[in-house]
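Me: Please take one part of this model and look at it closely. What surrounds it, and how is it placed?

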Amino acid sequence: MPDEGGKGGRGRETTPRGAGRAATGRATPAGRQGDRAAPPLPPLREVIHRHGLAPRKALGQNFLLDLNLTRKIARLAGDLRQADVLEIGPGPGGLTRALLEEGARKVVVIEKDRRAIPALEEIARAWPGRLEILEGDALALDRPASLAPPVKVVANLPYNVGTELFVRWMTPPAWPPFWESLTLMFQREVAERIVAGPGSRSYGRLSVLAQWRARPRIVMTLPPSAFTPPPKVHSAVVQVIPTEPVCPADPKMLERVVAAAFNQRRKMLRASLKRLAPNIEAVVERAGIDPRRRAETVSVAEFCALAGMLARV
Ligand code: SAM
C-alpha cells in the first residue's frame, strides 16, 4: 500500500451535504451531557452491506468496525466538548459516531467516496445539527470555512493521501495553525518517521517538519486485524500538539534545505545540498556542521542553523 503520491488536484469542488441543517448547530452544555448516550444506529457491517460500501483499495479503504476501538481513538484526542472536529475520510462513519458520542461540538467530515454519503447522512439525522458532511477530495480543501476554533483533526487517514495531508497541516502559511491537535492513524512506518530522532533510519523530512514546531508522539498501535479488510502492515495513531518553533528559521528555507538533504539521504551534505548555493561546503561549515555528514545525522536545531546560513547567501 503506498503511503504517498495521491496528488488530487487543488481547487476541485467539494460539495456540502446536509450542511445547511448541521452547520449552525451548537449543543447546549446540558444537551452535551445527554448527547453522550448514543442514539440507536445500526451495526457498521449492516451499514456497509446496505449501502454497497465494499472496500476499495484505490481509496485506501480499511475500515474500523469495532466501536470500542473508535471510541478509544476519539478519547485520545482529549476533551472534544469545547471543540470542532475535522475528520478526513469518515467512510461508513465508525470514528464519526465515536467523535459525536464523545461530545464534539461539531464534526465536519470530508469524504471522497460518494457511496458513503447516505450512510453518513443517517448519522447526521441521529445527531441533529452536529455533523456536517462534505463530499469531495480532502486535498482540494485545506480548511472548511465552517470550522470554529478550537479545532481538533481526528482521522483514520486514507494511506494514499495521508502523508500529503500531514505535510500540509505542518506547513501552513501562519503558525500557530488552525488546528490545536492532530490525532491521526497512519501506517506504523509513517508514524515512526514522524517521531524519529536523528541517527534513526526512520528520521527524515517528516520528522523535521513535525518536530520543528510541534510535539508528535505515537499514542496507540494497531495490528492489521483491527481493520476490514486487514491491510498488509501495522498502523499507529500519532498525536501532534503545536508548540513554538524549537529554533528560529524561515519556514520556506527550512523546508527547502530539509527536502534537498533527505532527497539524497545517503549522500554527504556537500553533495545533497550543492544546488542550494555555489559555495555550499563553506556555507555548511559556517553553520557549524561538517559538510561530510549525512542528512540523517543532522538535528532539527542544525537544520535551522543551515537554513539561517543559506538565507544569507
Ligand atoms: N474513517 C473510516 C474508518 O475508520 O473506518 C474509514 C477510514 S479509510 C482508512 C479512509 C477513508 O478515506 C475512506 O472512506 C476513503 O473513501 C476516504 N478517502 C480516500 N481518499 C480521500 C480523499 N482524497 N479525500 C477524502 N476522503 C478520502
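**Strand S3 and its partners**

Reply: Val 85 has Lys 152 of strand S6 as its bridge partner. The model is predicted, with local features requiring pLDDT of at least 70 and side-chain atom pairs 80 or more, while totals for chains, interfaces and linings use all residues. Numbering starts from 1 along each chain as its sequence is written.

Val 85 belongs to S3, which spans residues 84–88. Strands here are DSSP E runs of at least two residues, and helices are H or I runs of at least four, numbered from the N terminus. The bridge to Lys 152 is part of a parallel pairing between S3 and S6 (residues 151–156), made over three bridges. S3 also pairs in the parallel sense with S4 (residues 106–111), over five bridges; pairing requires at least two DSSP bridges. In S4, Val 109 stands opposite Glu 87 of S3.

S3 connects to S4 by way of helix H5 (residues 94–101), and the three elements make a right-handed β-α-β unit. Right-handed means that, with the strands pointing away from the viewer, the path from the first strand over the helix to the second runs clockwise.

S3 is mostly covered, with five of its five residues buried (20 or more other C-beta atoms, placed from the backbone, within 10 Å of its own; 12 or fewer is exposed, in between partly exposed). Side chains in a regular strand alternate between the two faces of the sheet. In S3, Asp 84, Leu 86 and Ile 88 point one way. Val 85 and Glu 87 point the other way, and the residues of both sets are buried. Asp 84 and Glu 87 are thus among the buried residues of S3, alongside Val 85, Leu 86 and Ile 88.
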